[in-house]
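Work through the exercises below with the sequence and the model open. Try each task before reading its solution.

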Amino acid sequence: MQRTSFAEMHCSIGQSLERVGEWWTPLIVRDIYLGLHRFDDIAENLGISRNLLTSRFKALAADGIVERRAYQERPLRHEYHLTEAGLELVPVLMALMAWGDKWATPPGGPPVRLVHQECGQAFTPQVCCSACGEPVHVANVTALPGPGAASGPGTRVLARHSGCEPYTEP
């Protein structure tokens, strides 16, 4: 099944999904974060075809989320590691995992427990305000137009409601 491209969407979520929205991508990033770095280990863990995993690694490398590092010369073999962008994606996946633990828990309960290294306690990820540190929820956040706000695919109606200038096709 061919997925829809969000490359033309004038929206940070759409642009993010263009890079990490393919179904296998969050699981590949998760596996690398959890310590699997070799192609065969990731392929086996996910049960993904080698062709598809190769394709996903090429896209993740092109998007600056994963990098290949040689670990063997003869024959040449590579490991996969998260870049800075990939590492910054991990807390997003932790938040998605917390949602899944609450609303789509696998039989037997959550399969992973997160422990904060600073205090040694198990925790549930939360999204918090970067200014005051308080948890944010739908009820205590207001979305306002940002500096890149414009009317375009994915933001046309929002822009009209917020009074932003109309988007013009390039």
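**Exercise 1.** Find out where Arg38 lies relative to the ring of Tyr71.

Solution. Step 1: apply the test for a charge over a ring, which asks that NZ of Lys or CZ of Arg be within 6 Å of the ring centre and within 35 degrees of the ring normal. Step 2: Arg38 lies over the face of Tyr71, 3.8 Å from the ring centre.

Two notes on the source apply throughout. The model is predicted, local features need pLDDT of at least 70, side-chain atom pairs count only at pLDDT 80 or more, and totals for chains, interfaces and linings use all residues. Residues are numbered from 1 along each chain as its sequence is written, and side-chain values use heavy atoms, with hydrogens and water left out.

**Exercise 2.** Describe the order of helices and strands in the protein chain.

Solution. Step 1: take helices (H or I, at least four residues) and strands (E, at least two) as DSSP runs, numbered from the N terminus. Step 2: the protein chain has 6 helices and 4 strands. Step 3: along the sequence they follow the pattern α-α-α-α-β-β-α-β-β-α.

**Exercise 3.** Identify the aromatic pairs and say how each is arranged.

Solution. Step 1: rings of Phe, Tyr and Trp (its six-membered ring) pair if their centres lie within 6.5 Å; planes under 30 degrees apart count as stacked, over 60 as edge-to-face and the rest as tilted. Step 2: the structure holds 2 aromatic pairs. Step 3: Phe39 and Phe57 form a tilted pair, with 6.1 Å from centre to centre and 45° between the planes. This pair links distant parts of the chain, since Phe39 is in helix α3 (residues 39–46) and Phe57 in helix α4 (residues 50–62), 18 residues apart.

Step 4: the rings of Phe57 and Tyr80 have centres 3.6 Å apart and planes at 10°, so this pair is stacked. Phe57 lies in helix α4 and Tyr80 in strand β2 (residues 77–82), so the pair ties together parts that are 23 residues apart in sequence. Step 5: ring pairs thus link Phe39, Phe57 and Tyr80 into a cluster.

**Exercise 4.** Are Phe57 and Tyr80 buried or exposed?

Solution. Step 1: buried means under 20% relative accessible area, exposed over 50%, and partly exposed in between (1.4 Å probe, protein chains only). Step 2: Phe57 has 3% relative accessibility, so Phe57 counts as buried. Step 3: Tyr80 is buried as well, with a relative accessible area of 8%. Step 4: for the wider setting, 5 of the 6 residues of β2 are buried, while 22% of the 170 residues of the protein chain count as buried.

**Exercise 5.** Work out how β1 and β2 are joined and paired.

Solution. Step 1: two strands pair if DSSP finds at least two bridges between them. Step 2: strand β1 (residues 66–72) and β2 pair in the antiparallel sense over 6 bridges. Step 3: Val66 stands opposite Leu82 in β2, and Gln72 has Arg77 in β2 as its bridge partner. Step 4: a hairpin of 4 residues joins β1 to β2. Pro75 is found in the loop between these strands, and a cis peptide bond, with omega about -10°, joins Arg74 and Pro75.

**Exercise 6.** Which residues does His78 touch, not counting residues up to four places away in sequence?

Solution. Step 1: contact means heavy atoms within 4.5 Å. Step 2: His78 lies in strand β2 and, with that exclusion, touches Arg68, Arg69, Ala70 and Tyr71. Step 3: look for a polar contact, a pair of N or O atoms within 3.5 Å; within protein, one must be able to donate a hydrogen and the other to accept it, and residues adjacent in sequence count only if both atoms are side-chain atoms. The side chains of His78 and Arg68 make one, at 3.0 Å.

**Exercise 7.** Locate Glu22 and describe its surroundings.

Solution. Step 1: Glu22 is in the loop between α1 (12–20) and α2 (24–33). Step 2: its relative accessibility is 14%, so Glu22 counts as buried. Step 3: leaving out residues up to four places away in sequence, Glu22 touches Arg3, Leu17 and Arg56. Step 4: a polar atom of the Glu22 side chain lies 2.8 Å from the backbone nitrogen of Trp24.
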